[in-house]
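Work through the following exercises with the structure open beside you, and try each task before reading its solution.

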Amino acid sequence: MDRDDRLKSELAFQADRASRIGRIHPTPGHVVERYREARYGRLFPAEFLFAHLKDIRDTEVLDFGCGDGAVSVIMARLGARVTAADISPELIDVARQRAEVNGVADRIHFIERDITAAPLRANQFDFAVCNLVLHHVDLRSVVPLIVASLKPDGTVVVVEPIAFSPWLQRVRDRVPVDKRASPGERPLSEDEVNFVVNELVGPERTYFNLLGRLRRLFPNRHKTDTGYSVTRACLFLLYGLDRLLLTVFPGLQKFCGSVAIVGKKPAAVGDTAVDRLRRDTPATAPTGASPSLAGPAGAAAWNAAPRGHG
Ligand SMILES: C[S@@+](CC[C@H](N)C(=O)[O-])C[C@H]1O[C@@H](n2cnc3c(N)ncnc32)[C@H](O)[C@@H]1O
């Protein structure tokens, strides 16, 4: 499947997903508080993400592949100014409605584009969040753009599904669980995770979903913020056991279903890349602003920059 076909299938898949989202309600205050505190960042991937954003008041945050805006809205309610980018017009529409019912429409700027064509600028964001999106895209053209869009010392936080073990993947393929997926998506391989890690300075990876995969046995697993205390207790048990097992036997990582990565923009490399972007993309750079990263010139310039790490 070529790139255009892949984007078309992604758009159709996400339009269908958006059509199944019901009425949009404000995110309850206790959920926002749970993510502000993010006390269980070592157990659950979503809390890991917020634990690493820490205090995001008055920061600029990119939510790449924002989907229905659930994460963007929480970040805006925690005080960030969010740029929420997604290729799907239907999901951006849902995310806009979510921002409005949450009273944060003025804190979220939406970009409805394929990320490689989005008008991102170099040195724009304090944080970039990639939650369950990198496994939909070509990492070599996208990750360098995201990293370049960070300010010097900016941080990227990534949470993605992985499949390092081919036989486990084959078992998963045979288990009758809901595996609805867009045609271009795939769990990241070990090489792909290494590629992401090597784009960052001081990267840390944390693995999740060893026994946590069994969460799928709990149909109410997404509703534990509104009750379902037995499901909640079981999830704590599964994710707690995972942390224990992965600490004692780190080799079990290769059987996990998700990884979270956090790391910083490489300062020296970033400057070099930005210099190249200034030289290579003068026509697209607004006067006085950082150079645009859209299009192949931006990606190529960053890709061509020397790597002094990893
Ligand atoms: C699995 S969803 C994750 C949504 C959201 N981050 C979340 O955590 O709920 C992946 C999202 O990535 C978006 N996406 C896929 N390819 C993209 C691209 N090339 N540019 C921008 N967004 C893209 C999809 O439209 C979809 O909303």
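**Exercise 1. The ligand shell**

Of the 19 residues around the ligand, which come nearest? Describe also the elements and residue classes that make up the shell.

Solution. The model is a predicted one, and in it Gly65, Gly67, Ile87, Ile115 and Asn131 are the residues that come nearest to the ligand, out of 19 around it. Turning next to the elements, at least two residues of the shell are supplied by each of α1 (3-19), α4 (70-77) and β2 (81-86). Sorted by class, the shell is made up of 10 nonpolar, six polar and three charged residues.

**Exercise 2. The sheet as a whole**

Write down the order of the strands in the sheet, and explain which strands stand at its edges.

Solution. The sheet is open and has seven strands, which follow the order β3-β2-β1-β4-β5-β7-β6 with mixed pairing. At the edges stand β3 (108-112) and β6 (201-208), and because each has a single partner strand, one side of each is left without a neighbour in the sheet. From one strand to the next, the twist averages 15°. Helix α8 (residues 190-198) packs on this sheet, where it touches β5, β6 and β7 (258-264), and its direction makes about 20° with that of β7.

**Exercise 3. Strand β4 and its partners**

Find the strands that pair with β4, and decide whether β4 is largely enclosed or not.

Solution. Begin with strand β1 (residues 60-64), which runs parallel to β4 and is joined to it by four bridges; here Phe64 stands opposite Cys130 of β4. Then take strand β5 (residues 150-161), which pairs with β4 in the parallel sense over six bridges, with Leu150 of β5 as the bridge partner of Phe125. Between β4 and β5 the chain passes through helix α6 (residues 139-148), and this β-α-β crossover is right-handed. Finally, count the buried residues: six of the seven in strand β4 (residues 125-131) are buried, so the strand is largely enclosed by the rest of the structure.

**Exercise 4. The surroundings of Ile108**

Is Ile108 buried or exposed, and which residues is it in contact with, leaving aside its neighbours within four places in sequence?

Solution. First locate Ile108, which lies in strand β3. Within 10 Å there are 25 other C-beta atoms, and since 20 or more are needed for a residue to be buried, Ile108 is buried. Beyond its neighbours within four places in sequence, Ile108 is in contact with Ser72, Ala76, Val82, Ala84 and Ala99. Lastly, compare sequence with space: Ile108 and Val73 are 35 residues apart in sequence, while their C-alpha atoms are 7.9 Å apart.

Terms used:
Residues are numbered from 1 along each chain as its sequence is written. This is a predicted model: local features need pLDDT of at least 70, side-chain atom pairs count only at pLDDT 80 or more; totals for chains, interfaces and linings use all residues. A residue is near a molecule or strand if its C-beta atom, placed from the backbone, lies within 6 Å of it. Ala, Val, Leu, Ile, Met, Phe, Trp, Tyr, Cys and Pro count as nonpolar, Asp, Glu, Lys and Arg as charged, and the others, Gly among them, as polar. A residue is buried if 20 or more other C-beta atoms lie within 10 Å of its own, exposed if 12 or fewer, and partly exposed in between; C-beta atoms are placed from the backbone. Two strands pair if DSSP finds at least two bridges between them. A crossover is right-handed if, with the strands pointing away from the viewer, the path from the first strand over the helix to the second runs clockwise. Axes are lines fitted to C-alpha atoms, for helices over the stretch in contact, and angles run from 0 to 180 degrees between N-to-C directions. Two residues are in contact if their C-beta atoms, placed from the backbone, lie within 7 Å.
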